[in-house]
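Trainee: Hi! Could you walk me through this one before I set up my next job?
Mentor: Happy to, let's bring it up.

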Amino acid sequence: MYLGTSLAAFFANTTLLNFLSTQLPAEKDPDGIFNQPFKKYYDYIVVGAGSAGSIIATRLSEDRTNVLLLEAGGSDLENEFTRIPLQLLRTLWTKENWSFDTVPQKYSVMSEGSRKTKGNCGKVLGGTGSINGMYYIRGSRYDCDKWQTEGCTGWGYDDVLPYFKKSEDIQIPELINSSFHGHGGPLVITEGHTAPLEFLHRLAAKEKGLPVTDCNGFNQVGYCPIQANVKNGERCSSASCFLRPKLHRRNLQVATNSHVIIIRNGETKGVVVMKNGKKTRIYARDEVIISAGVFGSPKLLLLSGVGPRHHLEKLRVPLKADLPVGEGMQYHIQYFFQYSTTTSMNMNQEKALDQQSIMDYIFYKKGVQTRSGIDGAIFARLPTNHDLDFLPDLQLTFIANAFEGENIKCAIQRMNHMGVFGETSRSADFGFAVNICKLHHKSRGTVRLRSKNPMAPPLIDPQYLANLIRYMQEFANNSAWNSIGTTFIRQEECTSFCKAFTFDTDDYWKCMIRHYATSSNHQVSTCRMGALHDKTAVVDPYLRVKGIKNLRVADSSVMRNVPSGNTNAPTMMIGEKAADMIKKSRHKRL
């Protein structure tokens, strides 16, 4: 709730942050590396240098092939905050984020006058993996098995585990010998809790009968200490850890600030690239791979005449293939519970801007700046869950930060005045938050074209709604939290919403959710994968667009269903598996 305002306050002091960013050791891309002249032909053209696309291009260039990787955004090194884990939220208000607006919602986001929410999506090398929370969560093994059961042959858990492990270099001592983790891959995974409060969250979970678990291992259900893609104190993304170390390859060309239209007529020939005001036609000898993300990939297909007939005819886009592109978007919605405590064991604005903390990071790459602000998570099944085939349907993520926005300060002042905290007054800088996320639900959204203009943002309609409040309330009643005076903050007291309802009634929580629940930015399935006969599918299990030759989609948009957790790790796995399938296809032809 009120997250944008609260986080803006948390990062309001820019003086020290700017100092931090300017004092980091300079890391620059080689001059002109992303502005080389285009050739007329490449073996592969990869559109989108995000979490999947950067991996695909890097892996394809391991062979004797010519690969072109096109990215609409710029280099991640243009914004130093993409490197500093604790400052990740600073990137959300920059050019590195597409920051799409959804269409107005009927049943949610009612606290916003426009009733719109943001679709955050990376517009930068590394894609959303360069601006996200670095929380490495693969999802449940049963997610993948369900994909296979529904027709995605070759995508069962035993099939995809080798690709997760291929990417990974696990550096968490407790997991070094685990058969579920990899060694020597480009993606460094470290333990990364932010605040001492993590220990109390772990105790609270134990009190509720939830075991400490490796949620990327055999059993996801339980309390999961954070696994983060952080290397030597900096974000380890598909751009920084896969792509950049291989930019010297002569057969790999990367072009930034490049917008694309697909050339097609039943068979994909190549792309038209718009860069620096100039259009260039470029052709692919073998394949074009679209990895433009959950919003960008369907948009490119729709502009190319691949999509629902009724939608394309309405916009007078010539139809090339009638497929459910942009249909059935799945996602996670989130709702924040914020708590006040009597202890300073959390993270807050003062600590984040502490001079010693900043000096520790600049000189030694140590301290809180190397952490993302997350302290761990719980994956659980609700008592009412009877039909999810062993899948968890709830994720609680513990946020170390005390969000110190005006609504929080106002609410705590009122609670002090009312004697809620007893004789001791409290301030907004002592506390933490819990992100409550429903992992699986029936609502589906869409991605549509706004117009035929390729530069216009797409129309995004997520149709949010959820209710997990009672589980969170029961969990909060534990002795570990009680020992530090953990008290729920009723922020609505300082707003004009939901005051007509009695606090803690079902109607009250329905009102609060409809006003303040928002997206977790885990959208998937806009170019859904499935069997050839599956009418809900855009791509087959080899990620080939149905009815169009030499064209694949490989990113979060192809996921059969939304996974049980954050989406960046499975997106990177898709990149690894896609590259392997493409290589095998080429070797069969040769």
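Trainee: Let's start with Thr487: is it buried or exposed?
Mentor: Thr487 counts as buried, because its relative accessibility is 19% and the cut-off for buried is under 20%. Keep in mind that this is a predicted model.

Trainee: Which strand is Thr487 found in?
Mentor: Thr487 belongs to strand β23, residues 487-488.

Trainee: And what does the side chain of Thr487 reach?
Mentor: The backbone oxygen of Gly485, at 3.0 Å. Leaving aside neighbours within four places in sequence, Thr487 is also in contact with several residues, including Tyr339, Met415, Phe421 and Arg426.

Trainee: Switching topic: how many residues are in the largest nonpolar core?
Mentor: That core has 85 residues, and those with the most contacts inside it are Ile45, Trp155, Val271, Leu301, Leu543 and Val545. Helix α16 gives the most to this core, with seven residues. Apart from it there is another core, of 38 residues, with Tyr223 and Met512 among them.

Trainee: What is Ile45 in contact with?
Mentor: Beyond its neighbours within four places in sequence, its contacts include Leu68, Leu70, Val271, Ile282 and Ile289.

Trainee: Now pockets. How much space lies in the second largest pocket?
Mentor: About 510 Å³. It is lined by 25 residues, and the closest to its centre are Tyr542, Arg544, Arg552, Met581 and Ser585.

Trainee: Which element gives the most to that lining?
Mentor: α16 does, with seven residues. The elements giving two or more residues are β14 (278-290), β25 (551-553) and α16 (568-589).

Trainee: What's the lining of the second largest pocket like by class?
Mentor: Twelve charged, nine nonpolar and four polar residues.

How values were computed
Residues numbered from 1 in each chain as written. Predicted model: local features only at pLDDT ≥ 70, side-chain atom pairs only at ≥ 80, totals over all residues. Heavy atoms only, no water. 1 Å grid on protein atoms, 1.4 Å probe; cavity = no way out; pocket = protein on both sides within 12 Å on 5 of 7 lines; lining within 4 Å. Points joined across faces, edges and corners; volume = space filled by probe spheres on them. Helix = DSSP H or I, 4+ residues; strand = E, 2+ residues; numbered from the N terminus. Nonpolar A, V, L, I, M, F, W, Y, C, P; charged D, E, K, R; others polar. Buried < 20%, exposed > 50% of the residue type's maximum accessible area, 1.4 Å probe, protein only. Polar contact = N/O pair within 3.5 Å; in protein donor to acceptor, adjacent residues only side chain to side chain. Contact = heavy atoms within 4.5 Å. Core = buried A, V, L, I, M, F, W, Y, C linked by side-chain atoms within 4.5 Å.
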